[in-house]
Amino acid sequence: MSGQPDLRLPVGRPAHYAPPVAKNDPVDLEFSVDRASPVPLYFQLAQQLEAAIERGRLSPGSLLGNEIELAGRLGLSRPTVRQAIQSLVDKGLLVRRRGIGTQVVHSQVRRPLELSSLYDDLEAAGQRPATQVLHYETEAAGPEVAAALAVPEGGDVRRVERLRLTHGEPMAYLCNHLPSDLLPGDTRAELESTGLYRLMRGAGITLHSARQSVGARVATAEEAKLLGEEAGAPLLTMERTTFDDTGRPVEYASHLYRASRYAFEFQLLVRS
């Protein structure tokens, strides 16, 4: 199949193979299995395929062929390949398409729990972020927004609603309220091509700290349609109030993320 990654793997113990790059392949793919290892072969294969997807070596839309072709190319049994593929299908990374074969869908974004921009994190991970600005206007601050931004209730704030995409696929709905004087002028066009925090830094704002909470709930019909999910699908929620180096609140955010595409990661330390 023209343009597909060549995943042939010679039989050996351990086996190492770096296949030649097809004309449309961005980088070399290297897989290895150790037949002497206690780790099941299907799990070794699944881990390496997942790593290739996460690192962008197997981009969305890449075709892996059917199980028989994969087993032949990899020098593994068909049940082993089937089990490896099924584990990634269950994770939402691969999909089986009749008459086409196994295809890469997407990778799940794992974002650290730290004060960073989703746009910057996606760009650093090679996810090719894009943004659609859905709503951009000045409005009167309600009680919750006024309290978060330390502005009078009914005072002017700017509300920005965006849809964040990767590889052309919706990932997150972002609603941000900002002090009306934070970013002078109309920044709608800039927000279509870059992240909010990058704009803030460019305006001389030093982001210092944030208060954040993470939760989960099911998608409404409207949210599901916007994010390309089924109504009732799980969504991750995030609320954040961000402060600059003077202690001024500069952002109140309320975000929704597709749980099938997104996960928060954090490190736990043992208290002595």
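Angles of 65 to 115 degrees between two axes count as roughly perpendicular. The exercises below apply this and similar cut-offs to a predicted model.

**Exercise 1. Overall composition**

Task: State how many helices and strands the protein has, and what percentage of its residues is buried.

Solution. Step 1: the secondary structure comes to 8 helices and 13 strands. Step 2: of the 272 residues in the protein, 44% are buried. Step 3: for contacts between residues at least 6 apart in sequence, 56% join residues at least 24 apart.

**Exercise 2. The packing of H2 and H3**

Task: Determine how H2 and H3 are oriented to each other, and which residues make their contact.

Solution. Step 1: two packed helices are described by the angle between their axes and the distance between the axes. Step 2: H2 and H3 pack at an angle of about 115 degrees, and their axes are 9 Å apart. Step 3: H2 and H3 are therefore roughly perpendicular to each other. Step 4: the crossing of H2 and H3 is right-handed. Step 5: H2 contributes Glu67, Ile68, Leu70, Ala71 and Leu74 to the contact, while H3 contributes Arg78, Val81, Arg82 and Ile85. Step 6: these residues divide into 6 nonpolar, no polar and 3 charged.

**Exercise 3. The packing of H1 and H3**

Task: Classify the orientation of H1 and H3, and give the classes of the residues in their contact.

Solution. Step 1: the axes of H1 and H3 come within 8 Å and cross at roughly 45 degrees. Step 2: an angle under 35 degrees would count as roughly parallel, and roughly perpendicular begins at 65. Step 3: H1 and H3 are therefore oblique to each other. Step 4: the crossing of H1 and H3 is right-handed. Step 5: on the H1 side the contact is made by Leu41, Tyr42, Leu45, Ala46, Leu49 and Glu50, and on the H3 side by Thr80, Val81, Gln83, Ala84, Ser87 and Leu88. Step 6: by class, the contact of H1 with H3 has 8 nonpolar, 3 polar and 1 charged residues.

**Exercise 4. A residue of H3**

Task: Decide whether Ala84 is buried or exposed, and name the residues that it touches beyond four places in sequence.

Solution. Step 1: Ala84 is found in helix H3. Step 2: the relative accessible area of Ala84 is 0%, so Ala84 is buried. Step 3: not counting residues up to four places away in sequence, Ala84 touches Tyr42, Leu45 and Ala46. Step 4: Ala84 and Phe43 are 41 residues apart along the chain, yet their C-alpha atoms are separated by 6.2 Å.

**Exercise 5. The nonpolar cores**

Task: Describe the largest nonpolar core and identify the element that gives it the largest share.

Solution. Step 1: in soluble globular proteins, nonpolar side chains tend to be buried together. Step 2: the largest nonpolar core has 18 residues, and those with the most contacts inside it are Leu45, Leu58, Val81 and Leu94. Step 3: helix H1 (41-54), helix H2 (67-74) and helix H3 (78-90) are the elements that give two or more residues to this core. Step 4: H1 supplies the largest share, 5 residues. Step 5: a second, separate core has 13 residues, including Val160, Tyr197, Met200 and Ile205. Step 6: Leu94, from the largest core, touches residues that include Ile53, Leu64, Ile85 and Val104.

**Exercise 6. Two strand residues**

Task: Establish whether Val157 and Thr241 are buried or exposed.

Solution. Step 1: Val157 lies in strand E8 (residues 156-166), and Thr241 in strand E11 (residues 234-244). Step 2: buried means under 20% relative accessible area. Step 3: Val157, at 0% relative accessibility, therefore counts as buried. Step 4: Thr241, at 5%, also counts as buried. Step 5: beyond four places in sequence, the contacts of Val157 include Val145, Leu149 and His177. Step 6: among the contacts of Thr241 outside that range are Ala148, Arg211 and Tyr252.

**Exercise 7. Two loop residues**

Task: Compare the exposure of Ser59 and Ala150, and say what phi Ala150 has.

Solution. Step 1: Ser59 is in the loop between H1 and strand E3 (63-65). Step 2: its relative accessible area is 26%, so Ser59 is partly exposed. Step 3: Ala150 lies in the loop between helix H5 (143-149) and E8. Step 4: the relative accessible area of Ala150 is 61%, so Ala150 is exposed. Step 5: most residues other than glycine have a negative phi. Step 6: Ala150 has a positive phi of about 55 degrees although it is not a glycine.

Definitions and conventions:
Residues are numbered from 1 along each chain as its sequence is written. This is a predicted model: local features need pLDDT of at least 70, side-chain atom pairs count only at pLDDT 80 or more; totals for chains, interfaces and linings use all residues. Side-chain values use heavy atoms; hydrogens and water are left out. A nonpolar core is a set of buried Ala, Val, Leu, Ile, Met, Phe, Trp, Tyr and Cys residues joined through side-chain atoms within 4.5 Å. Buried means under 20% relative accessible area, exposed over 50%, partly exposed in between (1.4 Å probe, protein chains only). Helices (H or I, at least four residues) and strands (E, at least two) are DSSP runs, numbered from the N terminus. Contact means heavy atoms within 4.5 Å. Axes are lines fitted to C-alpha atoms, for helices over the stretch in contact, and angles run from 0 to 180 degrees between N-to-C directions. Angles under 35 degrees count as roughly parallel, over 145 as roughly antiparallel, 65 to 115 as roughly perpendicular and the rest as oblique. A crossing is left-handed if the near helix is turned anticlockwise from the far one by less than a right angle, and right-handed if clockwise. Ala, Val, Leu, Ile, Met, Phe, Trp, Tyr, Cys and Pro count as nonpolar, Asp, Glu, Lys and Arg as charged, and the others, Gly among them, as polar.
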